[in-house]
Amino acid sequence: MPIDLADRSTWPKIGSTWEHRNGNIYHVVMFANRANERQEKYPTTIVYRNVNNQEDYSRKLSDWERSRTWLT
């Protein structure tokens with residue numbers, strides 16, 4: 001099911017595990033700018049952690065599934 005920014009039930013779950021197309025594995029940590037009404041300027045982002053090096057990253061939630069596959 002594609003992510004619908006207006007329907008949080010379609011968002012990845014906190015703690016879920018995803019694989020990037022390059023083979024890196026990530027856990028979803030949190031979301032930022034969830035309640036922001038100015039999405040064009042401050043889009044909702046997903047914060048995720050690489051399980052191998054524990055580095056944190058973020059990207060626009062609307063772009064999340066482009067290069068990741070859900071594992072658990």
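In this predicted model, the side chains of Tyr26 and Asn24 are joined by a polar contact of 3.4 Å. Tyr26 belongs to strand β2, which covers residues 25-32, and is one of the 10 residues of the largest nonpolar core. A search of the whole structure also turns up three salt bridges, one of them between Arg49 and Asp56.

**Tyr26 and its surroundings**

- Tyr26 has a relative accessibility of 7%, and because buried means under 20%, Tyr26 counts as buried.
- Leaving out residues up to four places away in sequence, Tyr26 touches Ser16, Thr17, Trp18, His20, Tyr48, Arg49, Asn50, Val51, Tyr57 and Arg68.
- Tyr48, one of these contacts, is 22 residues from Tyr26 along the chain, yet the C-alpha atoms of the two are separated by 6.1 Å.

**His20**

- His20 is part of strand β1, residues 17-20.
- The relative accessible area of His20 is 15%, so this residue is buried.
- A polar contact of 3.4 Å links the side chain of His20 to the side chain of Ser67.
- Beyond four places in sequence, His20 touches Tyr26, Ser67 and Arg68; Arg68 is also among the residues that Tyr26 touches.

**The nonpolar core**

- The largest nonpolar core is made up of Ile3, Trp11, Trp18, Tyr26, Val28, Phe31, Ile46, Tyr48, Leu61 and Trp64.
- Strands β2 and β3 are the elements that give two or more residues to this core.
- β2 supplies the largest share, three residues.
- Ile3, a member of the core, is in contact with Thr10, Trp11, Pro12, Leu61, Trp64 and Glu65, its neighbours within four places in sequence being left aside.
- Of these contacts, Trp11, Leu61 and Trp64 are listed in the core as well.

**Strands β3 and β4**

- Strand β3 (residues 45-50) and strand β4 (residues 56-60) run antiparallel and are joined by five bridges.
- Ile46 stands opposite Arg59 of β4; Ile46 is a core residue, while Arg59 takes part in a salt bridge with Asp63.
- The hairpin of β3 and β4 has five residues between the strands, and among them Gln54 takes a positive phi near 60°.

**Salt bridges**

- Arg49 and Asp56 form a salt bridge in which the closest N and O atoms are 2.6 Å apart.
- Arg49 is partly exposed at 30% relative accessibility, and Asp56 is likewise partly exposed, with a relative accessible area of 40%.
- Arg49 is also among the residues touched by Tyr26.
- A second salt bridge brings together the side chains of Arg59 and Asp63, at 2.8 Å from N to O.
- The side chains of Arg66 and Asp63 meet in another, at 2.7 Å from N to O.
- Arg59, Asp63 and Arg66 are thus linked in a network of salt bridges.
- Within this network, Arg59 has a relative accessible area of 18% and is buried, whereas Asp63, at 22% relative accessibility, counts as partly exposed.
- The values for Arg59 and Asp63 fall on either side of the 20% cut-off, which is why the two residues are classed as buried and partly exposed.

Notes: Residues numbered from 1 in each chain as written. Predicted model: local features only at pLDDT ≥ 70, side-chain atom pairs only at ≥ 80, totals over all residues. Heavy atoms only, no water. Helix = DSSP H or I, 4+ residues; strand = E, 2+ residues; numbered from the N terminus. Buried < 20%, exposed > 50% of the residue type's maximum accessible area, 1.4 Å probe, protein only. Contact = heavy atoms within 4.5 Å. Polar contact = N/O pair within 3.5 Å; in protein donor to acceptor, adjacent residues only side chain to side chain. Pairing = 2+ DSSP bridges. Core = buried A, V, L, I, M, F, W, Y, C linked by side-chain atoms within 4.5 Å. Salt bridge = Lys/Arg side-chain N within 4 Å of Asp/Glu carboxyl O.
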